[in-house]
Amino acid sequence: MQLKNDLLLRVIKGEAVERTPVWLMRQAGRILPEYRAVRASVSGFIELAQTPALAAEVTIQPVDLLGVDAAIIFSDILVVPEAMGLPYEMVEKRGPWFPKTIGSAADLKNLRVADPNTDLHYVLEAIRLTKKGLNGRVPLIGFAGAPWTIFAYMVEGSGSKTFSRARAMLYQNPVLAHKLLDLITKTTISYLKGQVAAGVNLVQVFDSWAGILSPDHYREFSLPYLQKICEAITEVPVTVFAKGAYFAMDDFAGMACDTVGLDWNMNIDEIKRKMNGRKALQGNLDPAALYAPDEALVAQTRAMLVRFAGSRHIANLGHGVYPDTSPEKVKLFIQTVKEFNTTAEN
Ligand code: CP3
């Protein structure tokens, strides 16, 4: 179906656009009271994510209520370990927790490469319902975690400031680490292909824990697997968002992805030079800027847009929107991007 608003896809292709497209990482499922109402009607996050009609409803909410230029399917990166045989729980106010973790070759034997059509059927069904509900209004983004970030949760068993258990494995048993990363990569590729077949218009890979690895470890344990995913997904554009990976920007410039997501620590002038027009750029307002008074938020947003001028830019935050952000501030951010005219103000 022809999309009514395809700004995002046109920017990625390098076509001329009337204005910069805008969406927010974690726009579904954090900030909207309308989301909390749906969430309160079920037992918790996992039930919501596994009920396609409700997942589709909360995916579309930010399009209706905030006016973003893309929807991102409501799910989580941790559905992948679960589909591989390692279930998780979402502990209220604490985040994800895995009753079992991967620490040895024996643990690996209990894992499998998942088949998305059965193991992740509910996500694919939610995508199909969302596409119907969107009716071509905006593109739908599919996503998965990067193999390194998924590995970090599977080995650590929960969120962590240091992910020291996960990083210890890279030093103690690199062979096992590569085996696990390979299993995750295979699952991720068939999962993303399943999402494409179900109707997503582009995909984003979240390497949320890129920044805790040394550059050498990042090159050994993350980049080759990201590259495999980017090479395998040829049907739709691929965005790679690697939080904290400023040291790998030369590698991303040469990767088979279409768009590079940037956090707010990145030096945009330097990145524009490094990418040299080869990638669309997405980001990168500090999510904490949405706590600023209105005038300061508008000024910060405009300053960001000016910094990206001359590149193929998709406006976004530098990481997910924080849960206690006011929807009014999010609307102001979106409105500021939509009203900004780079040529007139630059
Ligand atoms: O726009 C969206 O929010 C779409 C859905 C989405 C979720 N998780 C839903 C969710 C997306 C894109 C994600 C990605 C995700 N999940 C990442 C990568 C992005 C990033 O923020 O770095 C990561 C690292 C996770 C893992 C995860 N899931 C954590 C650490 C947590 C707990 C803290 C938190 O973010 O709330 C989750 C839980 C989670 N994922 C919730 C939602 C709506 C909250 C669960 C609840 O309602 O109880």
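This is a short talk on one predicted model of a chain with a ligand, from the overall fold down to a few single residues.

Let me start with confidence. The chain averages a pLDDT of 97, and 99% of the residues score at least 70. For the model, ipTM is 0.93 and pTM is 0.97.

Now the overall fold. There are 18 helices and nine strands in the chain. Along its principal axes, the C-alpha trace spans about 60 × 45 × 40 Å. The radius of gyration is 19 Å, which agrees with a compact globule, because a globule with 346 residues would have a value near 20 Å. Of those 346 residues, 48% are buried. If we take contacts between residues at least 6 apart in sequence, 74% of them join residues at least 24 apart.

On to the core. In soluble globular proteins, nonpolar side chains tend to be buried together. Here the largest nonpolar core has 115 residues, and Ile73, Ile141, Phe151 and Val240 touch the most other members. Helix α11, residues 174–198, gives this core its largest share, nine residues.

What does Ile141 touch, once residues up to four places away in sequence are set aside? One group is Ala70, Ala71, Ile72 and Ile73, and another is Val200, Leu202, Val203 and Gln204.

Next to that is Leu140, in strand β4, which covers residues 140–145. Leu140 counts as buried because it has 25 C-beta neighbours inside 10 Å, and the cut-off for buried is 20 or more. With the same kind of sequence neighbours left out, up to four places away, Leu140 touches Ala71, Ile73, Ile127, Thr130, Lys131, Leu134, Gly199, Val200 and Asn201. As a distance for reference, Leu140 and Gln300 are 160 residues apart in sequence and 27 Å apart in space, C-alpha to C-alpha.

Now the ligand. There are 21 residues around the ligand, and Ala28, Gly29, Phe45, Gly95 and Ser208 come nearest. By type, the shell divides into ten nonpolar, seven polar and four charged residues.

I will also take Trp209, which sits in the loop between β5, residues 202–207, and α12, residues 215–221. Is Trp209 buried or exposed? Trp209 counts as buried, because 26 C-beta neighbours lie inside 10 Å. Apart from neighbours within four places in sequence, Trp209 is in contact with Trp148, Thr149, Ala152 and Phe163. Of these, take Phe163: Trp209 and Phe163 are 46 residues apart in sequence, and their C-alpha atoms are 8.8 Å apart in space.

Last, some backbone details to check on the screen. The peptide bond from Gly283 to Asn284 is cis, with omega near -10°. Asn284 belongs to strand β8, residues 280–285.

Two residues other than glycine have a positive phi. Arg26 has phi near 65° and lies in the loop between α1, residues 7–13, and α2, residues 33–40. Arg26 is partly exposed, because 18 other C-beta atoms lie within 10 Å. Asn276 has a phi of about 50°, and its place is in the loop between α15, residues 268–275, and β8. Why does Asn276 count as exposed? Asn276 has 9 C-beta neighbours inside 10 Å, and the cut-off for exposed is 12 or fewer.

That is the end of the talk.

Methods. Residues are numbered from 1 along each chain as its sequence is written. This is a predicted model: local features need pLDDT of at least 70, side-chain atom pairs count only at pLDDT 80 or more; totals for chains, interfaces and linings use all residues. A residue is near a molecule or strand if its C-beta atom, placed from the backbone, lies within 6 Å of it. Ala, Val, Leu, Ile, Met, Phe, Trp, Tyr, Cys and Pro count as nonpolar, Asp, Glu, Lys and Arg as charged, and the others, Gly among them, as polar. Helices (H or I, at least four residues) and strands (E, at least two) are DSSP runs, numbered from the N terminus. Two residues are in contact if their C-beta atoms, placed from the backbone, lie within 7 Å. The radius of gyration is taken over C-alpha atoms; the globule rule is 2.2 Å times the number of residues to the power 0.38. pLDDT is the predictor's confidence in each residue, from 0 to 100. A nonpolar core is a set of buried Ala, Val, Leu, Ile, Met, Phe, Trp, Tyr and Cys residues joined through C-beta atoms within 7 Å.
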